[in-house]
Amino acid sequence: MTTSEILTYVKNHPSGKVKVAVADIDGVLRGKYIAAEKFASVTESRLGFCDVTFGWDMSDVVYDNVKYTGWHTGYPDAQVKIDLGTFRKIPWENDVPFFLGDFVQADNAPVYTCPRQLLKKVLADAENSGFLPYFSQEFEWFNFTETPDTVHQKQFRDLTPLSPGMFGYSILRSALKNEYMSSLFEQLVKFDIPVEGLHTETGPGVYEAAIKYGTVLQAADQAILFKTAVKEIAYKHGVMATFMAKIHESLPGCSGHVHQSLWDAGSKQNLFYDEHDEHKMSAVMKSYIAGQLHCLPFILPMIAPTINSYKRLVEGAWAPTTLTWGIDNRTVALRALPGDKKATRLETRVVGSDTNPYLALAACLAAGLYGVKNKMVLEKKLTTGNGYKDTSNGVLPQNLHVATQQMKESALAKELFGESFVEHFTLTREWEWRQYAKAVTDWELKRYFEII
């Protein structure tokens, strides 16, 4: 739609309102309704959001360690520029118009704490090199027949899954809860999130969805909106959806695998494909893989951002622990999927469902581009068989604290994303670790209460 058509739709919508949202550092959408009349003026200027958006955690507890904002700045407004290109209609809200926004400074320069702006920066680097990145993020998540009230009343224990047992790719389970599953598929598509596949995954009440690939910014927008949209649609069916990376030690984790390829911006050819190579993988693809293998230990918090992320990255749990790559191998960190000239791509399997898509996709793209720009040779041999046993290239950091310290001290991370972003982001991860470190868990009570 043209700008004029979008503004006419907003003006004529019977609700008289518009929903707008921005992404915080954890990938949580923060938003509000504004009057349609005000929206018309906002598109020509800016919309104010308190800059605490980047000054607190996902529980709205303010950081005490960041420089960008805090009590020392008085928490002023930050300016948000609405991206009219993100226009959507929310089908479960009577087609209310919806838009995403970016944080900008007075001169329209990007705010360094804004995840969407960071991805735009990495995308610009790719485009300046003549590359057109195509990406997609897929998700697994648990569904429970609960509400926010019942979950809190139960203190997050003994929750009722949408369906019992381990039953991946189940035709029976999709029929059992067909109204909910069909609603997800149909309304997500209407919300301009093109779902290519939706099925049950192994685990009680677990679903998996694949989203159609798009340009990297489009893919990130679709991914972050997917997570929120699923939760909102679930509410309508008396269901709560969770994108935690690991819900229980005895169950598989939930992935957010990122599929990616680089295309030539001029010829629109897939630069990962080479029909003359043994594995149909081009030199560009091999350098891209080499770049990710090299960078992963120094940027891991961007794709494993929570305490819980590392509970998923354990041996034998369908998530990688080693710095490995292989061809169509689900035990490695990087799964190459060579095929024809259209479908050849790389799947980064480290990424969990709890990620901020803007940061996860920025991390994958920047790391791959690093390898391409530096013409890195893929010296690490492909792993066949069990990738958990191949530690020849090292292992991933095993918790958020270790990963954060490696990123904080990394000149490479600062080169890829800028010193200001790395400082702010790693401080937020240190805050997250501190909140966890002082908590007394159920595990500790059960283990020590009587016996110690």
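**Exercise 1. State which kind of contact joins the side chains of Asp-26 and Arg-429, and how many such contacts cross the interface of domain 1 and domain 2.**

Solution. The side chains of Asp-26 and Arg-429 meet in a salt bridge, with 3.0 Å from N to O; the term requires a side-chain nitrogen of Lys or Arg within 4 Å of a carboxyl oxygen of Asp or Glu. The model is predicted, so that local features need pLDDT of at least 70 and side-chain atom pairs count only at pLDDT 80 or more, while totals for chains, interfaces and linings use all residues. Residues are numbered from 1 along each chain as its sequence is written, and side-chain values use heavy atoms, leaving out hydrogens and water. Across the interface of domain 1 and domain 2, the rule finds four salt bridges.

**Exercise 2. Describe the two domains and the area that they bury between them.**

Solution. Begin with the division of the protein chain into domain 1 (3–109) and domain 2 (123–445), with bounds that come from an automatic or database domain assignment. Their centres, taken over C-alpha atoms, are separated by 26 Å. The contact (heavy atoms within 4.5 Å) takes 27 residues from domain 1 and 26 residues from domain 2. Next, the two domains bury about 2,400 Å² between them, of which 60% is on carbon and sulfur atoms; buried area is the accessible area (1.4 Å probe) that two parts lose on being put together, summed over both. Finally, Ile-25, Arg-88 and Trp-92 supply 34% of the area that domain 1 buries against domain 2, more than any other three residues.

**Exercise 3. Locate the two partners of the salt bridge between Arg-88 and Asp-192 in the chain.**

Solution. The side chains of Arg-88 and Asp-192 meet at 3.9 Å, N to O. This pair links distant parts of the chain, 104 residues apart: Arg-88 lies in strand 4, and Asp-192 in the loop between helix 6 (178–190) and strand 8 (195–200). Helices (H or I, at least four residues) and strands (E, at least two) are DSSP runs, numbered from the N terminus.

**Exercise 4. Classify the aromatic pair of Phe-139 and Phe-243.**

Solution. A search of the whole structure finds 26 aromatic pairs, where rings of Phe, Tyr and Trp (its six-membered ring) pair if their centres lie within 6.5 Å, and planes under 30 degrees apart count as stacked, over 60 as edge-to-face and the rest as tilted. Phe-139 and Phe-243 are 5.9 Å apart, centre to centre, with 85° between the planes, and the pair is edge-to-face.
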